[in-house]
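Here's a quick tour of the contacts in this model, going from one packed helix pair to a few rings and single residues. Have the structure open as you read.

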Amino acid sequence: MPTSPEENPNPKVKSAAAAAKKKRRSSLSDIWNNKDAQALKQLVLQMRAQSVSNSTTPPSEPESDIQSLTQEDGEPTRFSSGPDYTAVLSDKLLLNVLSKLPEHQHISNSLVCKRWCKLSGKLVRSIKLLDWEFLESGRLSYRFPGLIDIDLVRACVKSRRNSGIVMSHRLVSVHLDSNSIHGGFVGKEGFLGQEVVDGGVKVLVEGCANLRRIVLINASVEGLGYLGEKCETLQELELHFSDDFALKGLFGCRNLQILKLVGCIDGLYNSMVSDIGLTILAQGCPRLLKLELVGCEGSYDGIKAIGQCCQMLEELILCDHRMDGGWLSALSFCSNLKTLKLQHCKVLDSCPGPDEHLGSCSTLDELHLHQCQLRDKQGVRALFLVCGTVRELVFGDCWGLENTIFAAASVCRSLRNLSLEGCSLLTTEGLDSVVQSWKELERLKVVSCNNIKDSEITPELATLFSVLKELKWRPDSRSFLSSGLEGTGIGQKGGRSLRRK
């Protein structure tokens, strides 16, 4: 007897399939598609039981959650654009989920709802403050309780929010008002007063006691003392626009390891840090590992105090220093110094004194010179005598580094790494005569030194290149460019042009 195509010719197979479907456990998609309210309620209660909550945000009522999840018409609730599927998760679990997302998404995540805003704030670890009122009101510590790194410099400068004047420097960039600039510098009236800054620091450390790094400007002894007392985990401090006696507050920062002290920035602000301040600094921070002095005055006595008191100091950076003559000989007191960096220095040492009084820094491994004036032969020679044990020597865009000046580096007999970049006065002959004296040289980098020519390389220098472990040779940028354009017709008379028609 014929059967229709809709009928199953084998009723036993049909009944077996139905029984298997009945025995199969319902999935989440089945529960949701079938709008099984009872099963969905059981699922939500199980998820709540498994989620261990340390929540500071009160959870929603269970019935309201179930109602939002089981609405038949699927329309949004009164206070949201859709059901909140994260309401069943504890704060701890949701915070763990949000922490897996990229950092640039924290801001967009905080706009979802108040709960997400508070949880996302706990994930923020570093911030640059622009509005001082946000700190004074206590909203900063409430909004970002997990901060460990904060920069307050821009918020301490008095300026209108719509100010079109921007003062930019390699160290700091701020918005200014025209009436706050006097004689080429920003006067004290252009910054928040010390009492205001100290009050803001107190509010900050009461809410964020786990700070590890902070950037301050125009802070007094009281503010720095309160910071050291409350933030025992503070390890790095950057201090702008400070004087000698304000540094007494550093006595409370016993665990400080990295300190950057900015005394004077040309065209921005002018504050004086002398030997008195350097001595106070050295006595108050004996555990320093890295010290950077920017625009600071001083002399032999200040550097000597740092070397004697900060016996763990490994890295010293001097940027645009105003040191008196003779300070180089005080480096011999830095018994554990590994790295010395001189940046943007107009004069290395105006009066270094006789060679027998210079001494040497026996533990020094690295010497870096960046954008320094090296025209003073006496100062450069004294520097290399003090740093005669270095194994790595770096020159970057230094002025006045000619053959006779570079020859003074031949006293560094243990040199292994040499880097020359942007030294346009040095020639191939000057390089060859010095490099041949370094028997332990392993790595050489020569970039953008236009007076060093490939055609002038001697056989002895070529032999030295062949035994080096690492060689980066790109001295003449113009010849490098022409070799790269060879065969293209560009750069030749009557050749092609990159200009659009």
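Let's begin where two helices touch: Asp275, Leu278, Thr279, Ala282 and Gln283 in α12 meet Asp301, Gly302, Ala305, Ile306 and Cys309 in α13. Keep in mind that this is a predicted model. Helix α12 covers residues 275-284 and helix α13 covers residues 300-309; their axes come within 8 Å and cross at roughly 5°. That makes α12 roughly parallel to α13, since angles under 35 degrees count as roughly parallel. The spacing of the contact residues is worth a look too. An α-helix has 3.6 residues a turn, so residues three or four places apart point the same way.

Zooming out for a moment, the protein has 18 helices and 21 strands. It runs to 501 residues, and 41% of them count as buried. If you take the contacts with a separation of 6 or more, 67% come from residues 24 or more positions apart.

Now for another helix, α14 (residues 377-386). Which of its residues are buried? They are Gly379, Val380, Ala382, Leu383, Phe384 and Val386. Those buried residues pack against three strands, β16 (339-343), β17 (366-370) and β18 (392-396), and against helix α15.

Phe384 also leads us to the rings, as Phe384, Phe395, Phe406 and Trp438 form one aromatic cluster. In total the structure holds five aromatic pairs. Here are two of them, including one from that cluster:

| Pair | Centre distance | Plane angle | Geometry |
|---|---|---|---|
| Phe406 and Trp438 | 6.1 Å | 85° | edge-to-face |
| Phe465 and Trp473 | 4.9 Å | 50° | tilted |

The Phe406 and Trp438 pair is edge-to-face because its planes sit at 85°, and the cut-off for that label is over 60 degrees. Phe406 lies in helix α15 (residues 403-406), while Trp438 lies in the loop between α16 (428-435) and β20 (443-447), so the pair ties together parts that are 32 residues apart in sequence. Both Phe406 and Trp438 are buried.

The other pair in the table has its planes at 50°, so it is tilted. Phe465 counts as buried at 13% relative accessibility, whereas Trp473 is partly exposed, with a relative accessible area of 22%. The line between the two labels is drawn at 20%.

One more ring has a charged partner: Lys202 lies over the face of Tyr226, at 5.6 Å from the ring centre.

Two single residues round things off. Asp149 sits in strand β2 (residues 149-151). Is Asp149 buried or exposed? At 18% relative accessibility, Asp149 counts as buried. Its side chain is joined to that of Arg213 by a polar contact of 3.0 Å. Leaving aside residues up to four places away in sequence, Asp149 touches Arg125, Ser126, Ile127, Leu211 and Arg213, so Arg213 turns up both as a polar partner and in this wider list of contacts.

Ser110, for its part, lies in the loop between α6 (106-109) and α7 (114-123). Ser110 is buried, with a relative accessible area of 9%. What does Ser110 touch, not counting residues up to four places away in sequence? The partners are Trp116, Cys117, Ser120 and Arg143.

Definitions and conventions:
Residues are numbered from 1 along each chain as its sequence is written. This is a predicted model: local features need pLDDT of at least 70, side-chain atom pairs count only at pLDDT 80 or more; totals for chains, interfaces and linings use all residues. Side-chain values use heavy atoms; hydrogens and water are left out. Helices (H or I, at least four residues) and strands (E, at least two) are DSSP runs, numbered from the N terminus. Buried means under 20% relative accessible area, exposed over 50%, partly exposed in between (1.4 Å probe, protein chains only). A polar contact is a pair of N or O atoms within 3.5 Å; within protein, one must be able to donate a hydrogen and the other to accept it, and residues adjacent in sequence count only if both atoms are side-chain atoms. Contact means heavy atoms within 4.5 Å. Rings of Phe, Tyr and Trp (its six-membered ring) pair if their centres lie within 6.5 Å; planes under 30 degrees apart count as stacked, over 60 as edge-to-face and the rest as tilted. A charge sits over a ring if NZ of Lys or CZ of Arg is within 6 Å of the ring centre and within 35 degrees of the ring normal. Axes are lines fitted to C-alpha atoms, for helices over the stretch in contact, and angles run from 0 to 180 degrees between N-to-C directions. Angles under 35 degrees count as roughly parallel, over 145 as roughly antiparallel, 65 to 115 as roughly perpendicular and the rest as oblique.
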